[in-house]
Amino acid sequence: MNLEELRKYYGKTIKADDFASFWEEALQELASVPPQPILVPADFTCRETECFDLYFQGVRGARIHAKYLRPITPGPKPCILMFHGYSMDSDGWFEKLPYVLNNMCVAALDCRGQGGGSEDNSEYEGYTVRGHVTRGLQGKPQNMLYRHMFLDAVELAQIVSTFPEVDAERMGTWGGSQGGALSLACSALYGKIKRTVIGYPFLSDFYRVEELGLFENDKTPYSEIGEYFRHFDPQHNSEKEIYRKLSYIDIQNLAPLIKNVTFMTITMRDTICPPSTQFAVFNKLGGKKRLILYKDYGHEFLPYWQDACFTFLKAL
């Protein structure tokens, strides 16, 4: 597709008829879970800043971890929720300090079962590298791993909004790739986020992803779906049902729920999360939105992107 066509593209994946009730029930389940947040002082220290390991109870018995930083200055202040890329973690403390030094709190989630300190469930400890997209596809969609990850993101927002140093009316989300998907999902499902940053997002428009051959490209996590069919359904007898389940975690279906201000970055040479799947998200976003195109970049480090994100979020 050329750029003109991309600006008019709204995706191919069909949304399940009960999409709205699916997420209403999911949020009801989350509401029944006592979060039991615990703040543990971190080993990392910095002047004018308090750093903590935040632990809380997620859905289905998982113990979730996030890094939490706050300025020592008095009074309520904005809070940024950060989400990381696929199979990674919340990374170090240092990169979060510019926000804290501008009198903002920061909470950075570790996705359950990936590279950080969050557990996959109450019986599992340690890291996993692949299989997150397809985990739960053989059962009820209510058991899909990404459903739980989206709820973890919402729960993190709910928890920090109750902290006395956080102004619950000035919260923003930030992330790229998988983190971009989680940033969008948190903003869409929580509903009280004021500013959303989405960088070349993952988990969008699965039909289009298959059409472009990414189910066979082992350099992208989408290949897990191709492997799923190869191993468990080589004749694709369950294809319609699988796509129905995936539609619940397809972020282009959540995009219309966002009514705040969104800053999105699309990478035009992206072979991991193709530009068309990114535009399917941007074109469906509700509320005010701003787009930056990196025409010569793929799924990679983007020069000056962090600066642009910081400038956008410090306006909270």
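## Helix H8 and its surroundings

The buried residues of helix H8 pack against four helices: H2 (19-31), H6, H7 (223-232) and H9 (251-254). The model behind this report is predicted. On H8, the buried positions are Ile242, Tyr243, Lys245, Leu246, Ser247 and Tyr248.

**Aromatic contacts**

The structure holds 17 aromatic pairs. One of them joins Tyr207 and Tyr243. Their rings are stacked, with 3.9 Å centre to centre and 20° between the planes. Tyr207 belongs to helix H6 (residues 206-211) and Tyr243 to helix H8 (residues 239-248), so the pair ties together parts that are 36 residues apart in sequence. What is the burial state of each partner? Tyr243 has a relative accessible area of 2%, so Tyr243 is buried. Tyr207 has 25% relative accessibility, so Tyr207 counts as partly exposed. The cut-off for buried is under 20%.

Tyr248, also buried on H8, joins an aromatic cluster. Its other members are Phe22, Trp23, Tyr86, Tyr146, Phe150, Phe202, Phe206 and Tyr222.

Two rings carry a positively charged residue over the face. The table lists them.

| Charged residue | Ring | Distance from ring centre |
|---|---|---|
| Lys67 | Trp93 | 5.6 Å |
| Arg195 | Phe312 | 4.5 Å |

In the second case, the charged end of Arg195 sits over the ring of Phe312.

**Strand E4**

Strand E4 spans residues 77-83. How many of its residues are buried? Seven of its seven are, and the strand is mostly covered. E4 pairs with strand E6 (residues 166-175) in the parallel sense, over six bridges. Here Phe83 stands opposite Gly175 in E6. E4 also pairs with strand E5 (residues 105-109), again in the parallel sense, over four bridges. On that side Met82 stands opposite Ala108 in E5.

**Nonpolar cores**

In soluble globular proteins, nonpolar side chains tend to be buried together. The largest nonpolar core here has 78 residues. Which members touch the most others? They are Trp23, Leu81, Phe150, Leu156, Val160 and Leu184. Helix H4 (residues 145-161) gives the largest share of this core, eleven residues. Trp23 and Phe150 also belong to the aromatic cluster.

Leu184 shows what such a position touches. Leaving aside neighbours within four places in sequence, Leu184 is in contact with Thr196, Ile198, Ile251, Leu254, Ala255, Ile258, Val281 and Leu285.

A second, separate core has 25 residues. Trp93, Tyr99, Leu302 and Leu313 are among them. Trp93 is also the ring under Lys67.

**The whole chain**

The protein chain has eleven helices and nine strands. Of its 316 residues, 57% count as buried. The C-alpha atoms fill a box of roughly 60 × 45 × 30 Å along the principal axes. Does the radius of gyration agree or disagree with a compact globule? For 316 residues, such a globule would have a radius of gyration near 20 Å; the chain has 19 Å, so the two agree. Contacts across the sequence fill out the picture. Among contacts with a separation of 6 or more, 73% come from residues 24 or more positions apart.

Notes: Residues are numbered from 1 along each chain as its sequence is written. This is a predicted model: local features need pLDDT of at least 70, side-chain atom pairs count only at pLDDT 80 or more; totals for chains, interfaces and linings use all residues. Side-chain values use heavy atoms; hydrogens and water are left out. Rings of Phe, Tyr and Trp (its six-membered ring) pair if their centres lie within 6.5 Å; planes under 30 degrees apart count as stacked, over 60 as edge-to-face and the rest as tilted. Helices (H or I, at least four residues) and strands (E, at least two) are DSSP runs, numbered from the N terminus. Buried means under 20% relative accessible area, exposed over 50%, partly exposed in between (1.4 Å probe, protein chains only). A charge sits over a ring if NZ of Lys or CZ of Arg is within 6 Å of the ring centre and within 35 degrees of the ring normal. Two strands pair if DSSP finds at least two bridges between them. A nonpolar core is a set of buried Ala, Val, Leu, Ile, Met, Phe, Trp, Tyr and Cys residues joined through side-chain atoms within 4.5 Å. Contact means heavy atoms within 4.5 Å. The radius of gyration is taken over C-alpha atoms; the globule rule is 2.2 Å times the number of residues to the power 0.38.
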